Amino acid sequence: MTKTEDRRGFFRIDDEVNLFYKKIDEKLVNEPHHVSDNILNSCSLSTALEMVSQESTLLLHRLDKNLPDVAEYLRLIDRKIDLLAQAITMQGFQFKENDTRNVNMSATGIAFNCEEALKENDYLEIKILLISCMTVIVTYGRVVYCKNSPSNDSQYPYFVGVNFINMKDEDREMLIKYVVKEQLQQIRDKKQVGNKA
């Protein structure tokens with residue numbers, strides 16, 4: 001295994017996300033702002049809020065020592081903002097419970113079971129709701145492979161690998177942080193299971 005493959009493998013996770021995709025024409029991928037500005041602004045809102053929350057965590061820890069009441073009040077305001085952002089984001093997207101799928105994901109691509117046979121080099125518009133942090137990412141992707149699903153699932157008989165294309169920088173940064181955080185959590189969980197055995 002090369003260093004590049006090892007690094008790529010380190011930053012991939014298995015996760016459960018709410019996923020919606022649709023096939024689009026390649027020309028649309030290269031046109032600036034094909035995905036409507038409203039959708040992109042909604043996604044940027046949730047992504048930006050998550051990034052600001054991560055930055056503010058350190059400040060809140062410092063405030064906790066000197067002004068615990070102020071820190072608690074700021075946490076409550078932060079929760080209110082999160083709830084409003086989730087409501088705005090969810091109104092803009094028709095995610096359904098049955099769109100939830102197990103995926104293998106990195107900052108550069110995603111692999112998932114799907115109901116239709118896609119062709120190599122098909123282009124997709126992809127919307128991903130990261131359930132654990134209620135963040136939506138909208139991007140384009142190019143199918144790199146489609147094969148029969150190893151799980152023999154009659155609902156999703158195909159397994160598709162997709163490379164992300166033209167992802168906004170802030171969404172990619174958010175996805176990198178999310179993948180690293182989830183991977184560390186999965187490693188911790190495995191260690192706890194190993195310690196109990």
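**Strand pairing, a buried loop serine and a nonpolar surface patch**

In this predicted model, strands β5 and β6 run antiparallel and are joined by 8 bridges. Within this pairing, K147 of β5 has F159 as its bridge partner in β6. Strand β5 also pairs with β4, which comprises residues 123-130, and here too the sense is antiparallel, with 8 bridges between the two strands. One of the positions that can be named in this second pairing is Y123, whose bridge partner in β5 is R142. The connection between β4 and β5 is a hairpin in which 4 residues separate the strands, and M134, located in the turn, adopts a positive phi of about 50 degrees.

The loop that links β5 (135-148) to β6 (158-165) contains S149. This serine has a relative accessible area of 6%, and S149 is therefore classed as buried, the cut-off for that class being under 20%. When neighbours within four places in sequence are set aside, the contacts of S149 are N113, Y156, P157, Y158 and F159; among these, F159 is also the residue that serves as bridge partner to K147.

A contrasting environment is found for Y73, which belongs to helix α4, spanning residues 68-91. Y73 counts as exposed because its relative accessibility is 52%, the exposed class being defined as over 50%. Together with L67, V70 and L74, Y73 forms a nonpolar patch on the surface, and the accessible area of these four residues taken together is about 360 Å².

Key
Residues are numbered from 1 along each chain as its sequence is written. This is a predicted model: local features need pLDDT of at least 70, side-chain atom pairs count only at pLDDT 80 or more; totals for chains, interfaces and linings use all residues. Side-chain values use heavy atoms; hydrogens and water are left out. Patches are made of residues with over 30% relative accessible area and no salt bridge: like charges are joined within 9 Å, nonpolar side chains (Val, Leu, Ile, Met, Phe, Trp, Tyr) within 5 Å. Accessible areas come from the Shrake-Rupley method with a 1.4 Å probe; for residues, only the protein chains shown count as cover. A salt bridge is a side-chain nitrogen of Lys or Arg within 4 Å of a carboxyl oxygen of Asp or Glu. Buried means under 20% relative accessible area, exposed over 50%, partly exposed in between (1.4 Å probe, protein chains only). Contact means heavy atoms within 4.5 Å. Two strands pair if DSSP finds at least two bridges between them.
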